[in-house]
Amino acid sequence: MLSTLMMVCIVFAGLLTEGCDLFDALRADAYRQQLQQHTVREAFVQSKDNAKHIPVVTVADGTASITVPHPVTSRNVPGLVHYIEKMWAEDEGGNILAMWVSVGTHAANPSFSFAIPAGVQSVRPFAVCNKHGVYKGDVSQLDEEEAGGFEGVLCELSRPEYTHEDGAPCVPFNVIDADTIRKQLAEHNQKSAFQPTEKNTKHQPVLTLDGTTATVRVGLGSISGKKWDVHPMLPDGDMQKVHFIERIFVRDHKGEVVGAVSLLPTDEAVLQFEVPAGTLSLTAFSYCNKHGLFISKPTSVEEASCSPRPPLCRVHPSVKPSCSNPDL
C-alpha cells in the first residue's frame with residue numbers, strides 16, 4: 001500500500017521561506033551529482049535513447065501532474081538499483097513550484113500533482129534518475145484559465161512511503177544500503193566506506209546504546225560537545241555549498257541492515273531505533289552528500305529487545321527473530 005506525506009508552505013509577495021530554500025538546496029545537490037557523476041552541469045533533454053527518463057507534465061483545472069515512464073528495478077543490488085529519486089516543476093522564472101522525493105519506495109511510472117499558483121505562465125518538469133542523472137521535459141504554456149486561483153507560490157514536497165496492509169510504516173533499508181554503495185562507487189571510486197581517522201572526525205558516525213535503544217549521530221562532537229566537530233546540515237541553493245548527511249544506516253553482526261533513515265538538508269542528522277532480538281554487534285554508516293560514505297567501529301550489544309526486525313518494504317522477506325529463538 002502506498003501513502004504520501006505532504007509538507008506545504010506558502011510564499012507571499014516573493015518572500016522565500018525555509019521550505020522553498022529546501023527545494024533550492026535539493027535541486028542544487030541534484031546538479032552537483034550531475035556534474036560529479038556525468039560531467040555536465042545541465043539537465044539532459046529527450047533523445048531516442050532516453051525516453052523513459054523524460055518527465056511529462058499535463059495541466060487541467062488549475063492542477064499540474066508530472067509523470068515519468070520509468071521502471072523501478074533490482075532495489076537491493078548496488079550495481080542495478082534503479083529508480084526516480086526526485087521530480088520537480090519550475091515556472092518561467094526557474095522558481096520551483098513543487099517537488100517530489102523518494103528512495104525507491106514508489107511504483108513504476110511515478111507521478112505527482114500540485115496546484116498551480118495564479119500568474120504562472122508556464123510549467124517545465126524535471127526528473128532525477130538515481131543512476132542516469134537529471135532530465136527535463138517540454139514546457140507547458142498556460143493560459144489564464146489553466147493557472148490556479150490563489151496568490152503566492154505553493155512549495156509542496158511529496159514523499160511517497162510504503163505501508164503494510166495493517167497500516168504500519170516500513171523503511172526501505174536495503175534500498176538505502178544498496179544505492180548508497182552505488183553512489184560511493186560513482187562519486188568516490190570505491191564501494192567500501194572510508195575508515196575513521198583523525199582527519200575525518202566530523203564525518204564519523206557515532207553509535208551509542210541506552211538499554212535496547214540505539215542512536216546514531218554524525219561527528220565526534222556529538223559526544224565531546226564540540227559543535228565544530230559535528231557534521232553540518234546546510235540547505236544552500238549553491239551546488240558548491242549545499243552540504244548535509246544524506247543517509248544513515250546500521251548493519252548487525254551478519255551484515256544485515258537493522259536501521260536506516262534518508263535525510264533532507266533541513267533534518268537533524270540522527271537515527272534512532274530499537275535493537276532487534278538476536279543482535280550481537282552494530283556498525284554504523286553515514287553518507288555525506290559531498291564527501292561520501294563513512295563507517296564506525298563495531299559496537300558490541302549486551303542487551304537486545306524482544307522486537308522482531310522491522311519490515312523491509314518488499315525488498316526481500318523480512319527476518320523475524322525472537323527472544324526465545326534469536327537465531328531465526
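## Strands and cores: worked exercises

In this predicted model, five bridges join strand 3 (residues 63–67) to strand 6, and the two run antiparallel.

**Exercise 1.** Work out the order of the open sheet of three strands, and find its edge strands.

*Solution.* Start with the pair we already have: strand 3 and strand 6, antiparallel and held by five bridges. For a spot to look at in the structure, take Thr63, which stands opposite Ala115 in strand 6. Now add the remaining strand, and the order reads 2-3-6, with antiparallel pairing. That leaves strand 2 (56–60) and strand 6 (111–115) at the edges, each pairing on one side only. As for the twist, neighbouring strands here are turned by 20 degrees against each other on average, ignoring direction.

**Exercise 2.** Take apart the largest nonpolar core: how many residues does it have, and which elements give two or more to it?

*Solution.* Count first: the core has 38 residues. Next, pick out those with the most contacts inside it, namely Trp88, Met99, Ile245, Val250 and Leu282. Then go through the elements: helix 1 (18–38) contributes two or more residues, and so do strands 5, 7, 12, 13, 15 and 16. Helix 1 gives the largest share, seven residues. Finally, look elsewhere: another core of 18 residues lies apart from this one, with Ile66, Met87, Trp100 and Ile116 among its members.

**Exercise 3.** Zoom out and describe the whole protein.

*Solution.* Tally the secondary structure: three helices and 18 strands. Then check burial: of the 328 residues, 49% are buried. Last, turn to the accessible surface, about 15200 Å², of which 51% belongs to carbon and sulfur atoms.

How values were computed. Residues are numbered from 1 along each chain as its sequence is written. This is a predicted model: local features need pLDDT of at least 70, side-chain atom pairs count only at pLDDT 80 or more; totals for chains, interfaces and linings use all residues. Side-chain values use heavy atoms; hydrogens and water are left out. A nonpolar core is a set of buried Ala, Val, Leu, Ile, Met, Phe, Trp, Tyr and Cys residues joined through side-chain atoms within 4.5 Å. Buried means under 20% relative accessible area, exposed over 50%, partly exposed in between (1.4 Å probe, protein chains only). Helices (H or I, at least four residues) and strands (E, at least two) are DSSP runs, numbered from the N terminus. Accessible areas come from the Shrake-Rupley method with a 1.4 Å probe; for residues, only the protein chains shown count as cover. Two strands pair if DSSP finds at least two bridges between them. Axes are lines fitted to C-alpha atoms, for helices over the stretch in contact, and angles run from 0 to 180 degrees between N-to-C directions.
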